[in-house]
Amino acid sequence: MDDKTSPAPITMVDTPPQFLHSVDSVYELSVPALSNEDFENLTENNITQGIYAYPTLTEYYMNPTPFVTICLFVSIFIVMLNISIFLTTVAKLGQCLRKPLLGLSIALVSLYPLVSIAALVNLLVPQIWFTCHTVMHLSFTIGAIFFYRLCMHYIGSEVSFIKETDGMAVPIRTPPCCCCCVCLPGVVPTRGRFVVLRYMVFQMVFIQGSIMLVLNGIFYNDMELFNDVQQYFLPFIIASILLGIWGLNITVRAVNNLHADYSTMKKMFSLQLIMLLCKAQYLIMYQQLDEMVLGGAYPMNHVIYKQTIINTLILVEMILLSLFVQNAYKTPVQIENDEN
């Protein structure tokens with residue numbers, strides 16, 4: 001009886017060349033090649049994600065670069081310096097002011113170290129940049145309420161101001177609406193007009209706060225939707241800010257009718273600089289820096305370098321602004337307690 005042996009296994013060495021060629025052909029057919037258009041889109045998406053993607057905190061701190069490291073140390077030193085300037089300003093205010101002017105003045109000068117801390121937190125935790133930007137944005141609107149109340153204490157009260165001015169008109173052709181209100185004459189202050197003026201200032205907190213709250217929710221949940229809808233909120237943001245600044249400028253004119261030596265124009269200018277530097281300058285630089293090639297490969301990419309440059313610049317500007325504010329709030333000097 002003949003032994004039946006099992007067939008020997010076929011190895012790659014024993015495989016005929018034409019069979020190998022057929023296997024390669026089948027594999028190539030099973031994985032279709034990308035078209036030129038698909039390849040260009042894929043490459044562009046990968047580059048965009050690499051440039052604008054925020055790294056995790058582990059990736060951020062495990063891949064330091066000299067530029068970012070130096071900016072972090074400099075920013076920490078600047079914040080400490082800003083806080084020391086704030087404490088010095090508070091000590092000087094305590095020597096020349098009494099309640100309620102003291103509390104409102106301290107609240108106003110505290111906005112500048114607050115903005116500095118928000119910029120530093122943005123440098124330390126890049127992913128939450130929009131929240132830090134919101135803090136900078138809303139600091140102006142909160143400061144506007146403090147400043148309006150401070151101006152009301154300067155003039156005593158609405159009733160006393162109406163009696164003291166004795167029908168003297170207050171100009172309303174003030175920035176930012178001086179060009180479109182050329183034909184409007186000055187108005188005589190009344191209780192009703194003071195109510196309108198108060199609403200013009202106070203509306204900023206509610207409108208700006210509501211809009212920024214919605215935008216934060218969209219930003220951290222759907223970035224594509226945020227990029228599509230943010231432009232539709234801009235008209236409401238701009239209109240609300242312009243109306244509030246107009247109301248503050250009218251209030252400053254009213255105070256200057258009685259107390260021209262209280263430096264209200266300098267205090268108003270320093271408050272407006274928060275909005276100009278932390279909103280207008282922020283958005284302009286955010287767009288302009290996209291035209292330059294910054295940083296390197298992920299994780300220390302373009303968006304990290306862009307945020308580092310913007311926030312470091314804001315920190316330096318807040319130091320100069322804090323010194324300017326310290327000089328602006330040295331007046332008035334209260335000899336007696338103000339009980340108004």
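# Notes on an all-helix model

1. Let's start with the second largest pocket: helices α10 and α11 each give at least two residues to its lining. Helices here are DSSP runs of H or I with at least four residues, strands are runs of E with at least two, and both are numbered from the N terminus. A pocket is found on a 1 Å grid over the protein atoms alone, as an open set of points with protein on both sides within 12 Å along at least five of seven lines; lining residues have an atom within 4 Å of a point. The volume of this pocket is about 340 Å³, where a volume is the space filled by probe spheres set on the points, and grid points are joined across faces, edges and corners. Of its 13 lining residues, Ile-241, Leu-242, Ile-245, Met-275 and Leu-276 are the closest to the centre. The lining has 11 nonpolar residues, one polar and one charged.

2. Before going on, a word about what you're looking at. This is a predicted model, in which local features need pLDDT of at least 70 and side-chain atom pairs count only at pLDDT 80 or more, while totals for chains, interfaces and linings use all residues. Residues are numbered from 1 along each chain as its sequence is written, and side-chain values use heavy atoms, with hydrogens and water left out.

3. Now the overall picture. The protein chain has 12 helices and zero strands. Of its 340 residues, 41% are buried, where buried means under 20% relative accessible area, exposed means over 50%, and partly exposed is in between (1.4 Å probe, protein chains only).

4. Which residues sit closest to the centre of the largest pocket? The pocket itself holds about 590 Å³ of space, and of the 24 residues that line it, Trp-129, Phe-226, Asn-227, Gln-230 and Tyr-286 are the closest to its centre. Six helices give two or more residues each to the lining: α2 (36-52), α7 (129-154), α9 (191-219), α10 (223-258), α11 (264-288) and α12 (302-328). α10 has the largest share, with seven residues. By class, the lining has 15 nonpolar, six polar and three charged residues; Ala, Val, Leu, Ile, Met, Phe, Trp, Tyr, Cys and Pro count as nonpolar, Asp, Glu, Lys and Arg as charged, and the others, Gly among them, as polar.

5. There are closed spaces too. A cavity is a set of points where a 1.4 Å probe fits but cannot get out, and a search of the whole structure finds two of 30 Å³ or more. The largest cavity has about 50 Å³ of space, and its lining includes Asn-82, Phe-86, Tyr-112 and Gln-326. α4, α6 and α12 each give two or more residues to that lining, with α4 supplying the largest share, four residues. There are no charged residues in the lining, but six nonpolar and four polar ones.

6. The second largest cavity has a volume of about 40 Å³. Tyr-60, Asn-122, Leu-123, Pro-126, Ile-304, Gln-307 and Thr-308 line it. α12 brings the largest share of this lining, three residues.

7. How many salt bridges turn up in a search of the whole structure? Just one, with a salt bridge being a side-chain nitrogen of Lys or Arg within 4 Å of a carboxyl oxygen of Asp or Glu. The partners are Asp-290 and Lys-306, with the closest N and O atoms 2.8 Å apart. Asp-290 is in the loop between α11 and α12 and Lys-306 is in α12, so the pair ties together parts 16 residues apart in sequence. Asp-290 counts as partly exposed because its relative accessibility is 27%, whereas Lys-306, at 1%, counts as buried.

8. A few backbone oddities deserve a look. Most residues other than glycine have a negative phi, and most peptide bonds are trans. Here, the bond from Lys-99 to Pro-100 is cis, with omega near 0 degrees, and Pro-100 is in the loop between α4 and α5 (101-109). The bond from Thr-331 to Pro-332 is also cis, with Pro-332 in the segment after α12. Ser-263 is not a glycine, yet it has a positive phi of about 55 degrees; you'll find Ser-263 in the loop between α10 and α11.
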